[in-house]
Amino acid sequence: QGKPVVYLGSFLNLLRWPAAAEAEAARRGLKIISVIRPGYMGSTPLPVDAPRLETVAADIAAITDAEGARRFPIIVMGQDANYAAALNGLFPGRITGVVGCAATLPVDDANEFEGMGRWHRFIYSSARYTPNLLPFMIRAALAMARRTDEGDFLRTVLAESPSDLALMRETDVLEAILAGTEEILNFPATPRALADEFRFRCQRGSDWLMQNLRGDFPVHMLHGAEDLHSRPEAIARRAVTYPWVRFEQLEGAGSLVLFRHWEKVLDLVSALTKK
C-alpha cells in the first residue's frame with residue numbers, strides 16, 4: 001500500500017532491496033512496484049518479432065494501470081533508463097520524475113569502451129559488434145555462474161570496484177541481490193531474454209534516450225565513483241551535453257549505488273510523490 005513508485009532493477013533482475021530499505025519505504029508510505037520483464041523467472045518470453053523496448057514499456061503501463069497508478073516516479077538501474085525513455089515516449093504524462101541508479105546510456109564514443117571494467121567492455125562491445133555470438137556467450141556465462149558459489153559470478157564482474165565488493169559482504173545486501181540473480185539462473189528462457197536485452201540497447205543512441213526522458217519532470221542520475229560502466233569523465237561529458245539532467249557522483253559506491261545510498265534514493269522519490 002502507499003504512493004506508487006515504479007522500480008526497474010536492470011537485466012540482473014535486482015528486484016529486491018535490503019530489508020532496511022524496504023522497511024523504510026513502507027514507513028514513508030511508498031508502494032514500490034518492481035517489474036519482472038518477459039522471459040525472466042518463468043514468465044512468457046516475447047515473440048521473436050516483438051519489439052522488446054516498446055513491448056516492455058507497454059507492459060509497465062499495463063501493470064501500473066492494474067495497480068491504480070496513473071502517475072508515478074520511476075527508479076531505474078543500469079540500462080533500464082531505455083525502458084523509462086520508451087515509456088515516456090509512448091505514454092506521456094505518466095512519469096513524474098526519474099531517479100537513475102548507475103543508469104547507463106548507450107555508448108556512442110568508442111573511447112568509453114576503453115574506460116569500462118573488463119567484463120562490461122567484453123559484453124557491451126560484443127553486443128554491438130558481434131551480436132550473433134551473444135547468445136552463446138550468455139549461455140557460457142550462466143553455466144559458469146551455476147558452477148560457482150552464490151554471488152561469486154557477480155563478484156567477478158564487479159571485481160574492479162572495491163566498494164561494490166565490500167557491499168556484497170553485507171548480509172542484508174547479499175540476500176537482496178541473490179533473491180533476483182540466483183532466480184534467473186534456473187529458467188530455460190533466460191539466455192534468450194538476456195540476449196534480447198543486450199541487442200536492443202545497441203539499437204538506439206544516447207540522444208534518443210535522453211530526448212525521450214526530457215519533459216516537465218526532473219531527471220536525477222546517481223553514479224558511484226567506482227561505476228565500471230560510466231566513468232567520471234563520461235559522466236562529466238554527459239552533464240554538459242544534457243544540462244536538464246542532474247548528474248551526481250557519490251563516493252563509496254560503484255554499480256550497486258542503490259544498495260549503498262538507498263536513503264538518498266528514497267529521499268528523492270519521496271519528494272517526487274508529493275508533486
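This passage describes the fold, burial, contacts and cavities of a predicted protein model.

Because the model is predicted, local features need pLDDT of at least 70 and side-chain atom pairs count only at pLDDT 80 or more, while totals for chains, interfaces and linings use all residues. Residues are numbered from 1 along each chain as its sequence is written, and side-chain values use heavy atoms, with hydrogens and water left out.

The protein contains 14 helices and six strands, where helices (H or I, at least four residues) and strands (E, at least two) are DSSP runs numbered from the N terminus. Of its 275 residues, 54% count as buried; here buried means under 20% relative accessible area, exposed over 50%, and partly exposed in between, with a 1.4 Å probe and protein chains only. The accessible surface comes to about 12,000 Å², and carbon and sulfur atoms account for 54% of that surface. These areas come from the Shrake-Rupley method with a 1.4 Å probe, and for residues only the protein chains shown count as cover. Contacts, defined as heavy atoms within 4.5 Å, often link distant parts of the sequence: among those between residues at least 6 apart, 80% join residues at least 24 apart.

Two helices illustrate how burial is distributed. In helix H3 (residues 81-90), eight of the ten residues are buried, so this helix is largely enclosed by the rest of the structure. The buried set consists of Ala-81, Asn-82, Tyr-83, Ala-84, Ala-85, Ala-86, Leu-87 and Asn-88. Helix H14 (residues 262-273) has twelve residues, and its end C-alpha atoms lie 16 Å apart, in agreement with the 16 Å expected at 1.5 Å a residue; the expected span is 1.5 Å times one less than the number of residues. Buried residues of H14 include Trp-262, Leu-266, Val-269 and Leu-272.

The loop between strand E1 (3-8) and helix H1 (19-27) holds Ser-10, and Asn-13 is found in that loop between E1 and H1 as well. Ser-10 has a phi near 75°, a positive value in a residue other than glycine, and Asn-13 likewise has a positive phi, near 65°. Both side by side make a neat pair to inspect: Ser-10 is buried at a relative accessible area of 4%, and Asn-13 is buried at 2%.

Phe-259 sits in helix H13 (residues 257-260) and is buried, with 3% relative accessibility. Leaving aside residues up to four places away in sequence, Phe-259 touches Leu-14, Arg-16, Trp-17, Pro-18, Met-77, Leu-167, Val-173, Ala-176 and Ile-177. Its C-alpha lies 8.5 Å from that of Ala-21, although Phe-259 and Ala-21 are 238 residues apart in sequence. Ser-163, in helix H8 (residues 162-167), also counts as buried, at 13% relative accessibility. With the same sequence neighbours left out, the contacts of Ser-163 are Glu-226, Gly-252, Ala-253, Gly-254 and Arg-260.Finally, the structure holds three cavities of 30 Å³ or more. On a 1 Å grid over the protein atoms alone, a cavity is a set of points where a 1.4 Å probe fits but cannot get out, and lining residues have an atom within 4 Å of a point. Grid points are joined across faces, edges and corners, and a volume is the space filled by probe spheres set on the points. The second largest cavity has a volume of about 40 Å³ and is lined by Leu-8, Val-35, Ile-36, Arg-37, Val-56 and Tyr-83. This lining divides into five nonpolar residues, no polar ones and one charged, with Ala, Val, Leu, Ile, Met, Phe, Trp, Tyr, Cys and Pro counted as nonpolar, Asp, Glu, Lys and Arg as charged, and the others, Gly among them, as polar.

How values were computed:
On a 1 Å grid over the protein atoms alone, a cavity is a set of points where a 1.4 Å probe fits but cannot get out, and a pocket is an open set with protein on both sides within 12 Å along at least five of seven lines; lining residues have an atom within 4 Å of a point.
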